[in-house]
Amino acid sequence: MFVVDWMGQVSRDVLRERLPALIAETCAWSVGISDRPHHERRRGRLVATGGTMGDRAARGQPLSGEEDGRLDLGDARPGSFRDVLNAVDAAGVVYADRFDQEVLEPFVLDTCVLAAERARETRKAAWAELLDDLGEGDDDLVAVVRAGGWEAPLRTEAEHLVLAALADVPLLEVEAEGLPLALVRAAAALARDAAPPVAAPAAEDPAVSGALFLARTALQAAGLPEPVPPADADRLLAALLAEGLEPDELPALLPHLPLRPGTAGAVLTLLDAGR
């Protein structure tokens, strides 16, 4: 319908404005891949070839085997970023699937939320009509994004933009480009780990204070990054349940935890799927 189309266009506009950030995130994500052992699948078995991803890339040898990769990525130049995406890691997971989960999904969700914020401010009448059509409130933009269904097509476009920029670039060059941002991220993570725990908000709901203490304890014990990204929703849920929290308690606790947009929804989706 028309209202969804215009919102989809706003999301695409914001994505293109954020393209330099997406390329930077992609390059930072690639840092360290060249040092990992190279694996490939032979007759259905995952085997280590004895070298590293970087060794093979430097010699111009293919990183992806004939049984690995995704057909939609097509043929890749040996040692290129596209070749990396078609390769498998030590657990047999295709790097392209990891890239989707660890980079594209959170980046696209953030982009859609930014687009929703822009639409709310610049197209107030159309925004109000959109909320009415979707049956969502104005207080949860992630829920609006999920209901509008803009993530899936935008994720496809984001992947195409990344491939247009980096597909045939050698892995070692992509890593070199991403190293500064990766170092900044690593330093920030060390700083967060060294900082004292953040005090609980003064206006905490007394009805959930005890369970919230257990939830924060579980979060720290699991060593999850804060705020927790959607990609770690499964680890967060496992940590909360292992701490003894009941599934029915989690919806009231999640808003009080340091989570990135979309993480709470991902946890609840996993919770519902496991019931």
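## Starting at Trp 127

Let's begin with one residue and its surroundings. Leaving out residues up to four places away in sequence, Trp 127 touches Trp 6, Met 7, Ala 116, Ala 119, Arg 120, Asp 138, Leu 141 and Val 144. Touching, or contact, here means heavy atoms within 4.5 Å.

Before going further, a word on what you are looking at. This is a predicted model, in which local features need pLDDT of at least 70 and side-chain atom pairs count only at pLDDT 80 or more, while totals for chains, interfaces and linings use all residues. Residues are numbered from 1 along each chain as its sequence is written, and side-chain values use heavy atoms, with hydrogens and water left out.

## The overall picture

The protein chain comes to 13 helices and two strands. These are DSSP runs numbered from the N terminus: helices are H or I with at least four residues, and strands are E with at least two. Of the 275 residues, 42% count as buried. Buried means under 20% relative accessible area, exposed means over 50%, and partly exposed lies in between (1.4 Å probe, protein chains only).

Which share of the contacts with a separation of 6 or more joins residues 24 or more positions apart? In this protein chain, such residues account for 65% of them.

## Two nonpolar cores

In soluble globular proteins, nonpolar side chains tend to be buried together. A nonpolar core is a set of buried Ala, Val, Leu, Ile, Met, Phe, Trp, Tyr and Cys residues joined through side-chain atoms within 4.5 Å. The largest one here has 51 residues, and Trp 127 is among those with the most contacts inside it, together with Met 7, Leu 22, Trp 29, Leu 85 and Trp 150. Helix H5 gives this core its largest share, 13 residues.

Another core lies apart from that one. This other core has 20 residues, including Leu 212, Ala 218, Leu 237 and Leu 245.

## A cluster of rings

A pair of aromatic rings is described by the distance of the centres and the angle of the planes. Rings of Phe, Tyr and Trp (its six-membered ring) pair if their centres lie within 6.5 Å; planes under 30 degrees apart count as stacked, over 60 as edge-to-face and the rest as tilted. How many aromatic pairs does a search of the whole structure find? The search finds two. In one of them, Trp 29 and Phe 99 have ring centres 5.1 Å apart and planes at 55 degrees, so this pair is tilted. Trp 29 sits in helix H2 (residues 19-30) and Phe 99 in helix H5 (residues 95-122), so the pair links distant parts of the chain, 70 residues apart.

Phe 99 also pairs with Phe 81: this pair is edge-to-face, at 6.1 Å centre to centre and 85 degrees between the planes. Because Phe 81 lies in helix H4 (residues 81-85) and Phe 99 in helix H5, the pair ties together parts 18 residues apart in sequence. Ring pairs thus join Trp 29, Phe 81 and Phe 99 into a cluster. Trp 29 counts as buried at 12% relative accessibility, Phe 99 is buried at 2%, and Phe 81 is buried at 0%.

## Thr 111 in helix H5

Helix H5 also holds Thr 111, which is buried with a relative accessible area of 0%. Not counting residues up to four places away in sequence, Thr 111 touches Ser 11, Val 14, Leu 15, Arg 18 and Leu 154.

## Helix H7

Is helix H7 (residues 141-148) mostly covered or mostly exposed? This helix is mostly covered, with six of its eight residues buried. They are Leu 141, Val 142, Ala 143, Val 144, Val 145 and Gly 148. Just after H7, Gly 149 takes a positive phi of about 70 degrees.

## Glu 40 and the cysteines

Glu 40 is found in strand E1 (residues 37-42) and counts as buried at 14% relative accessibility. Its C-alpha atom is separated by 8.2 Å from that of Asp 89, although the two residues are 49 residues apart along the chain. Beyond its neighbours within four places in sequence, Glu 40 is in contact with Arg 45, Leu 46, Val 47, Thr 49, Gly 65, Asp 68 and Val 88.

A disulfide is a pair of cysteine sulfur atoms within 2.5 Å, and by this rule the count comes to zero. Cys 27 counts as buried at 1% relative accessibility, and Cys 112 counts as buried at 0%.
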